[in-house]
Amino acid sequence: MFETPRRSATVLNAWSGSLEDLQQQAQPVSPVSTDNTGKKKKTKPPQRSVSVPQLFALEDAADSEAEERRTGEKCHIEGDDEESILRGIFKIEKKSCDVELRASRLVWTPIQPETPTGTSKAGMLLNKDYVELKEIFAVKLKRRRSVGQQKGGTLLGITLFHCVKKGKKLKDHAIHLSNMSEDHCEVWLRHFKDILNGFRNRPKSLKVFVNPNSHRKEANQIYSEQIAPLFKLADIKTATTITEYKGHALSALKECDLKEFDGVICVGGDGFANEVAYGLLLRAQMDAGRDTDSIFTPVRAPLPLGIIPAGSTDIVAYSVQGIRHPLTAAMHIIMGHYQSVDVCTFSTHSRLLRFGFSAMFGFGGRTLALAEKHRWMPSSQRREFAVIKTLANLKPEECELTFLPLKNPKQESQKTTRSKLKRDSSNHFDNVDQWQSIQGLFLNISIMAIPCLCSMAPKGLAPDTRLDNGSMSLITVRNTSRADFIKHLKRYGSLKDQFSFPFVETYTVQEVKLKPRSTSGWSDDLSEENVKFDSKRTPMISSEKNYPWNIDGDLMEASSEVNIR
């Protein structure tokens, strides 16, 4: 299908945290406390504002700082040797402070009271606080206005909005710099505006797609009440489309002018995220003149994709961002945090079917197909009903799997793997001896380019999968008893190894070809009471022609061999 078929193509950028943090999703990192310790005071000391990357690096600094406070020594903040760009007096949390604007941070020190003799108290500690300039995303003049007043008002000072990290969550926090001088505040405002304009990776204009039917139909409310105000605060212009039918976003992305935007945002569940990602990538192939009905080399998407989770499981957002939290997703977008993500191509007969992050065939596909037939039910009840009924009518599928394994995936670094895949891609069709083939009866087959984290599988459906190392996880569950298969499924929700069963096999691969051996698909309406069936020996054959696939929570049907790269 493709000229570079030995890797899942990293052709999409997503807004998320750093790769280093995301590679440890299976073992969440607890945030390091940066509270200052010292002598007990009646008044609560102001909370220090720190940058996101520093949360995992200030543990030793916090301990050292606490020790210096105990001995009454002056605390030294890294970067104190930077020259002041601007300096002035503001009130912060009702305390007069000496505020310095430096090259990388804003530092403020409370102005200490004097003794009756006019000299500073000996031994008084300079309690400096600061915020990294790169964590500030908005600055506004703060004014007092009467009811109904839209403009003007009494100037109170400047308000800074910056990003703070608590665990894996990102939140916005406001710092009020109180000063009633118009000239003074205008000078500081101009400097802050210049600083914000210097962050070129942050978006200024976004194309937003909202699926109003996602999950409990809360996506529109989540966007309008939580996300849109943050975008407005950060001075990000948005062009919003509320989708009216399935495939609306895909059609719009094929036609709209994307040159005026810095990114594309989707607000919805996994199926909607897959639709927008597919549309974004398909548009890239169209603009590059690629013929998707023949052999072609895919190109990267020109714009990054931001995913605001508003679905029932949000596996894609959870895997990329490490958490299912709309405000965290919005803050990643505002701050311009990028993460490359591998995307799989699904094709048959040299024709592209779609792009996707993960797929399930067998139990996973039939469960989704059954759930789709009962859309009238609430989502949670629909999923539970589909799982129970599919388990009650559990049947294997006879398949032939041909795959190209990744050599020594644990020993090769990400950079080495990528360069090797690129170097060897031209010789792919000559290396037929590297391909492996297995066949037999399978209850479920999973192909995943992302870890597939969710609340029901906190370790992920494919825990060892990385986001952008050019490989996929192939997980096969061979035919076994219903009781053993249920034990395997239950392991996903626990801390035990879900793959430690003799009927489960895992592979790290670059490409997979899945070919059903029977001549037709499954019927979800067949039951054990009506059909005599030996689940360990014979696959059930029905009159249906297509096989259901679960691709990122979206149903796709195919009648022949599917090639995943």
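Visitor: In S20, which residue is the bridge partner of methionine 360?
Guide: This is a predicted model. In it, strand S15 (residues 358–362) and S20 pair in the antiparallel sense, over three bridges. For methionine 360, the partner in S20 is asparagine 550.

Visitor: In S21, which residue is the bridge partner of asparagine 550?
Guide: S20 also pairs with strand S21 (residues 554–558), in the antiparallel sense and over five bridges. In S21, asparagine 550 has as its bridge partner leucine 555.

Visitor: Which residue takes a positive phi in the hairpin of S20 and S21?
Guide: The hairpin has two residues between the strands. The one with a positive phi, near 55°, is aspartate 552.

Visitor: How many residues of strand S20 are buried?
Guide: In a regular strand the side chains alternate between the two faces of the sheet. Tyr547, Trp549 and Ile551 point one way from S20, Pro548 and Asn550 point the other way, and all are buried. The strand is therefore largely enclosed by the rest of the structure, and the count of buried residues is five of the five.

Visitor: How many of the ten residues of helix H9 are buried?
Guide: Helix H9 covers residues 363–372 and is mostly covered. Its buried residues include Phe363, Arg366 and Leu370. The number buried is nine of ten.

Visitor: What covers the buried residues of H9?
Guide: Among the covering elements are helix H10 (379–392), strand S17 (436–448) and helix H12 (482–491). The cover also includes three strands met above: S15, S20 and S21.

Visitor: Which residue just after H8 takes a positive phi?
Guide: Helix H8 (residues 326–335) is mostly covered, with nine of its ten residues buried. Pro326 and Met335 are among the buried ones. Just after the helix, a positive phi of about 75° is taken by glycine 336.

Visitor: How many aromatic pairs does the count come to?
Guide: A pair of aromatic rings is described by the distance of the centres and the angle of the planes. Rings pair if their centres lie within 6.5 Å. By this rule the count is ten.

Visitor: What is the distance, centre to centre, between phenylalanine 90 and tryptophan 188?
Guide: The planes of this aromatic pair are 85° apart, and planes over 60 degrees apart count as edge-to-face. The distance from centre to centre is 5.1 Å.

Visitor: How many residues apart are phenylalanine 90 and tryptophan 188?
Guide: Phenylalanine 90 is in strand S2 (residues 86–92), while tryptophan 188 is in helix H3 (residues 182–197). The pair links distant parts of the chain, and the separation is 98 residues.

Visitor: What is the relative accessible area of tryptophan 188, and is it buried or exposed?
Guide: Buried means under 20% relative accessible area. Phenylalanine 90 is buried, at 1%. Tryptophan 188 is buried as well, and its value is 1%.

Visitor: Are the rings of tyrosine 278 and phenylalanine 355 stacked, edge-to-face or tilted?
Guide: The ring centres are 6.1 Å apart and the planes are at 55°. Stacked needs planes under 30 degrees apart and edge-to-face needs over 60. The pair of tyrosine 278 and phenylalanine 355 is therefore tilted.

Visitor: Where in the chain are tyrosine 278 and phenylalanine 355?
Guide: Both residues are buried. They lie 77 residues apart, and the pair links distant parts of the chain. Tyrosine 278 is in helix H6 (residues 270–287), and phenylalanine 355 is in strand S14 (residues 351–356).

Conventions
Residues numbered from 1 in each chain as written. Predicted model: local features only at pLDDT ≥ 70, side-chain atom pairs only at ≥ 80, totals over all residues. Heavy atoms only, no water. Buried < 20%, exposed > 50% of the residue type's maximum accessible area, 1.4 Å probe, protein only. Helix = DSSP H or I, 4+ residues; strand = E, 2+ residues; numbered from the N terminus. Pairing = 2+ DSSP bridges. Contact = heavy atoms within 4.5 Å. Phe/Tyr/Trp six-rings, centres within 6.5 Å; stacked < 30°, edge-to-face > 60°.
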